[in-house]
Amino acid sequence: MGKPCALAFFLLLFVNCALSWKKEEFRTCNQTPFCKRARSRNPGFCSLIATDISISDGDLVAKLTPKENIENQENKPLILTVSAYQDGVLRFKIDEDQSLSPRKKRFEVPDVIVPEFLNKKLWLQRLTEEKNENGMGSLSVVYLSDEYEGVIRHDPFELYVRESGRNGKRIMSLNSNGLFDFEQLREKKEENEDWEERFRSHTDTRPYGPQSISFDVSFYDADFVYGIPEHATSLALKPTKGPGVEDSEPYRLFNLDVFEGSSGFFWLNAAEMQIDVLGRGWNDEYLMLPSDQKRIDTLWMSEAGVVDAFFFVGPGPKDVVQQYTSVTGTPALPQLFATAYHQCRWNYRDEEDVYNVDSKFDEHDIPYDVLWLDIEHTDGKKYFTWDRMLFPNPEEMQKKLAAKGRHMVTIVDPHIKRDESYYIHKEASQKGYYVRAGTGKDFDGWCWPGSSSYLDVVNPEIRSWWADKFSYGNYVGSTPSLYIWNDMNEPSVFNGPEVSMPRDALHYGDVEHRELHNAYGYYFHMATADGLLKRGEGKDRPFVLSRAFFPGSQRYGAVWTGDNTAEWEHLRVSVPMILTLGLTGISFSGADIGGFFGNPDTELLVRWYQLGAFYPFFRGHAHHDTKRREPWLFGERYTELMREAIHTRYMLLPYFYTLFREANETGTPIARPLWMEFPADEKTFGNDEAFMVGNSLLVQGIYTQGAKHTSVYLPGDELWYDLKTGTSYEGGTTHVLEVSEDSIPSFQRAGTIVPRKDRFRRSSTQMENDPYTLVIALNSSMAAEGELYVDDGKSFEFKQGGYIHRRFTFFNGKLTSSNMAPNTAGQNKFASDCTVERVILLGLSPKPNNAIIEPANHKVDIDLGPVLLRGGTTPSALTIRKPNVRISDDWTIKIL
Ligand code: NOJ
């Protein structure tokens, strides 16, 4: 059915502000000169033509020259380079011509594109010339893959990807509406508003004049675009400009990627970015575009940098994510503990508080894996220190938690207290490691500790120095069970413009902050993760949670969606936010359970735990002004409900961990929009209240108080089985379901097998040797399949084959376990004696009585049992008890 939908995904760094900070502290597009200028241009504005087109070093190279006023000094020709990469990725760069000695080299973001991607370059050899569709003007065509090619229209300049062949359909294009503009660096000749910009009480200098870039990108056959986690109230993006669209702001980004249903677009640029999604008919008078293909047009505007952009051809949504993560890297595989439940609060006051919270979890039979300490644990917000009055024995404290298989996380922010007695500050200032103000002095801004400076982590030497600070010797009081939380790394500067750093601050290589703002937090995250890696001599997988992120952040750890509020609406928007992050490769994300600000009522808190148990990153967190809200504080009934929600996550940990590995290998997110699994089902395109966890589970949050019923759309034409009761529901239908307080609607898709661990312990670590339950949900062909990935949950041995990866297949009345791991030498490095203790069969009829286990050839009974061991469900599911086959072995269970 062609291309049913368009996906857009946009990354945003300023995650904490969108939901809760004061609007007037942030600029609108009209108050942002580059955005205002770009938005006011009309279609056809661009007068560039492509000339001197040739193949050089395997790339297509061309000049983009203004058609008129070629003499104009400020409009020198630009250089366009187009490169093709394996798997359908077309990259293009546009920059000033270095041979014409521009005032300086504009900033290109290093360290994001993974080296393996560069090795996938296809060496272009041939340029085919063609006449334009209307027979007028010329096109140059290059090979991209057997199915697609890249096309450059010379006059006016346009770049697009089309299906191969003269009449091939367009997939996506650049500058089809003639909005391309590239402000070249200038010498100051006269005093005017080009050389500085003001906002509220702040003035930023612009020593190179305006240097923004803007252009239009069109997505063909597109019905929907998706993206921008922190701003979207819905997953599908609404137009921001066009007929019938009330004039609204563009989506404001610090970085962004767009994906179209079966194709995608990504602009690697670290400056402030704004994007308009242009409503149909926005350019009706402009007749340059083919009218036989529907389109969604978008306008991309960035304050600085260069054009370094990528078209991804898909063809499926998962292909697009895979192509995108082939450029920016796939997510790191976290340690197992990090995929379990985290308990955070600003602040757990002192050691006594920590011990008390820790023991209450045990007392109430609630598992948890990580206890977090926020800024107050430090001595005066000096990171790597402890307030020794409150935390006299941090090592002992961590060891006591570790004895139960638990971990601790402490916060380490990038602002450094300007205190001469603080060793980090002393060293950093002596070595000149701080970001400099436009004046050349160390930038001094206000943050938690008061007067602070910010490490220039863009510099690799400084990152390495920072990473060393995490060694056990340097970070006194740290132990191997301690991991790190990076906050305020946008960077947040309380007295700076828009609560951040002035744009004229200077980084390594004299790069202005305006050129790399969005990448600052990424570099800090990277340096911290490297620190944990170094600390463990490269053997221990780091865990670092970061608030700011950028393309590539997925390689360094988890992110969360920033400061939300204890409101139902914030519970609801957490889903599109997390889904969008997953589309941008950042699969390990979550929202603060319960809402950071404010006090959730018990019902909201319970609903949040029930939904959060399915977030990839599952952490309860709260502001210091809120009432305590640990799960046992609301009476036994509510403790029970929150316990059940957390237990659900622990039970599903084997499934989640298998998905984390899939993300690590392919980039495919853990939490997925329904359309990622059902791209042909149009009813899924606008749905952002439900989501898939992997390919097997569908979860629908409850987002209103006192809900008695909810509508759940179950896609596809197979059945779905209620996770709790095993009751089946038809696919392709919206069901109106009764809602109970004890769970949110969640289903297993027919045709899948989900591995679980049903015995409940204090932490994930303690579950290591527990046996598995396999839940088999049969489809209409009485078949199902699933996977299980297991490794030591900690080290990098998996990279050398130290893991077990099984495929379970049910077909023809037989459940078979087979090896999915390649037969490499290292494969036996990881051994497990874990067995399968239960197999639950959903949808099998008529009821069989026994099964035979091969190769051992022993017979086992099939009885009715509960779908969940806890939660009080009636025994209604066919259950094979104690087949006791080992998960590392090949075996077959034959139903008799
Ligand atoms: C802001 C963060 O978003 C929040 O999670 C944290 O608790 C506070 N900073 C204090 O560190």
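Me: Taking contact to mean heavy atoms within 4.5 Å, which residues is His377 in contact with, leaving aside its neighbours within four places in sequence?
Reply: In this predicted model, His377 is found in the loop between strand E22 (370-373) and helix H5 (394-403). Once the neighbours within four places in sequence are left aside, the residues in contact with His377 are Asn347, Thr385, Trp386, Asp387, Phe391, Thr410, Ile411 and Tyr475.

Me: Does His377 count as buried or exposed?
Reply: The cut-off for a buried residue is under 20% relative accessible area. His377 has a relative accessibility of 0%, and therefore it counts as buried.

Me: Which strands are the edge strands of the open sheet?
Reply: Three strands form this open sheet, with antiparallel pairing, and their order is E24-E26-E25. An edge strand here pairs on one side only, and that description applies to E24 and to strand E25 (445-447).

Me: What is the bridge partner of Ile416 in E26?
Reply: Strand E24 (415-417) is joined by three bridges to strand E26 (residues 450-454), and the two run antiparallel. Within E26, the residue that serves as bridge partner of Ile416 is Ser453.

Me: Which elements do the buried residues of H7 pack against?
Reply: Helix H7 covers residues 460-468, and its buried residues are Ile462, Arg463, Trp465, Trp466 and Ala467. In general, an α-helix has 3.6 residues a turn, so residues three or four places apart point the same way. The packing partners of the buried residues in H7 are strand E24 (415-417), helix H6 (423-431) and helix H8 (513-535).

Me: At the start of H7, which backbone nitrogen does a side-chain oxygen of Asn459 reach?
Reply: The polar contact at the start of H7 begins from a side-chain oxygen of Asn459, which comes to within 2.9 Å of its partner. That partner is the backbone nitrogen of Glu461.

Me: How many Å separate a polar side-chain atom of Asp563 from an oxygen atom of the ligand?
Reply: The ligand is surrounded by 13 residues, and the closest are Asp374, Asp487, Arg547, Asp563 and His621. For Asp374, an N or O atom of the side chain is 2.5 Å from an oxygen atom of the ligand, while for Arg547 a polar side-chain atom lies 3.0 Å from a ligand oxygen. For Asp563, the distance from a polar side-chain atom to an oxygen atom of the ligand is 2.4 Å.

Me: What percentage of the area that the ligand exposes when taken alone does the protein bury?
Reply: Taken alone, the ligand exposes 300 Å². Of that area, the share that the protein buries is 98%.

Methods:
Residues are numbered from 1 along each chain as its sequence is written. This is a predicted model: local features need pLDDT of at least 70, side-chain atom pairs count only at pLDDT 80 or more; totals for chains, interfaces and linings use all residues. Side-chain values use heavy atoms; hydrogens and water are left out. Buried means under 20% relative accessible area, exposed over 50%, partly exposed in between (1.4 Å probe, protein chains only). Helices (H or I, at least four residues) and strands (E, at least two) are DSSP runs, numbered from the N terminus. Contact means heavy atoms within 4.5 Å. A polar contact is a pair of N or O atoms within 3.5 Å; within protein, one must be able to donate a hydrogen and the other to accept it, and residues adjacent in sequence count only if both atoms are side-chain atoms. Two strands pair if DSSP finds at least two bridges between them. A residue is near a molecule or strand if one of its heavy atoms lies within 4 Å of it. Accessible areas come from the Shrake-Rupley method with a 1.4 Å probe; for residues, only the protein chains shown count as cover.
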